[in-house]
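Biologist: I've got a structure to look at and a pile of terms I don't fully trust yet. Can you walk me through it?

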Amino acid sequence: MALSEENPVYGPFFGVMGAASAIIFSALGAAYGTAKSGTGIAAMSVMRPELIMKSIIPVVMAGIIAIYGLVVAVLISGNLAEPAEYPLYRGFIHLGAGLAVGFSGLAAGFAIGIVGDAGVRGTAQQPRLFVGMILILIFAEVLGLYGLIVAIYLYTK
Amino acid sequence: MSTSSLSIFKTVLYYSVFIIIAPISTFFFTKIVFFEKLLGTSSVASNVWSAIASIIVLHIALGMYIMRAYSDANKVKSDKEDKVD
């Protein structure tokens, strides 16, 4: 074991925490988005069951947030190694990448949940709101995509 | 009503499975077959390009679902007489 100041035994801890926080916080945001917009869909579908197909879109977008976290967690997990081949610097990079996509996904999931809940309830009464709801959902989704871009950019350092 | 709800269920199920399966299979297919076997790129570069490819496929699938939901919902907008009070 060639452990040194650059390759301490706790180096991989940061990478593991980065991979874990990427998927944990993204899944937290996706779960909140699914649950919050799911209550809106359930309340709306009682009166307008023909709009189910349109109103599933917030749930799909919340699921995509979790896929962002999954991609970064898989990328980081693929690069983890023994402490001798894993410098502390790379651990910090991976922790930063995981936190970037995790908290961006959490924020995007919250936004998708609240917008989806209000959006599907409003679409039931005014169908022309649908385009506006989709646009707002896309802008919420893009917040998670920014986190993913930063995470992938950090990962290539 | 039952046939249309079955067809809506089939459509939603088809697109959900597609949205879940397509990015994951794209990631591993492009990483293992395309980048590492055919092009011989390094591990980090093949990981990153596979991730980007899978995210692009994911958004194409999402766009297809939104287009389908938009066009379908416009088609069946006016059959409200089967509402149960």
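**Core and contacts**

Modeller: Sure. This is a predicted model. The largest nonpolar core holds 49 residues, and A:Ile57, A:Tyr68 and B:Tyr65 touch the most other members. Two or more residues each come from helices 1 (11–45), 3 (57–79), 4 (88–125) and 5 (129–155) of chain A, plus helices 1 (2–39) and 2 (43–75) of chain B. Helix 3 of chain A gives the most, with 13 residues.

Biologist: Why is this called a nonpolar core?

Modeller: Its members are called that because they are buried residues of kinds such as Ile and Tyr, joined through side-chain atoms within 4.5 Å.

Biologist: What is A:Ile57 in contact with, leaving aside its neighbours within four places in sequence?

Modeller: A:Phe130, A:Ile134, A:Leu137, B:Tyr65, B:Ile66 and B:Ala69. Contact means heavy atoms within 4.5 Å, so each of those residues meets that cut-off with A:Ile57.

Biologist: What makes up the area buried between chain A and chain B?

Modeller: Carbon and sulfur atoms give 83% of about 2500 Å². On chain A's side, A:Glu50, A:Met53 and A:Ile67 supply 25% of what that chain buries against chain B, more than any other three residues. The contact takes 25 residues from chain A and 31 from chain B.

Biologist: How many salt bridges cross that interface?

Modeller: Zero, by the rule. A salt bridge needs a Lys or Arg side-chain nitrogen within 4 Å of an Asp or Glu carboxyl oxygen, so no pair across the interface of chain A and chain B passes that test.

Biologist: And what does the model score?

Modeller: ipTM 0.80 and pTM 0.86. Chain B averages a pLDDT of 81, with 81% of the residues scoring at least 70.

Conventions:
Residues numbered from 1 in each chain as written. Chains lettered and ligands numbered in written order. Predicted model: local features only at pLDDT ≥ 70, side-chain atom pairs only at ≥ 80, totals over all residues. Heavy atoms only, no water. Buried < 20%, exposed > 50% of the residue type's maximum accessible area, 1.4 Å probe, protein only. Helix = DSSP H or I, 4+ residues; strand = E, 2+ residues; numbered from the N terminus. pLDDT = per-residue confidence, 0-100. Buried area = accessible area lost by both parts, 1.4 Å probe.
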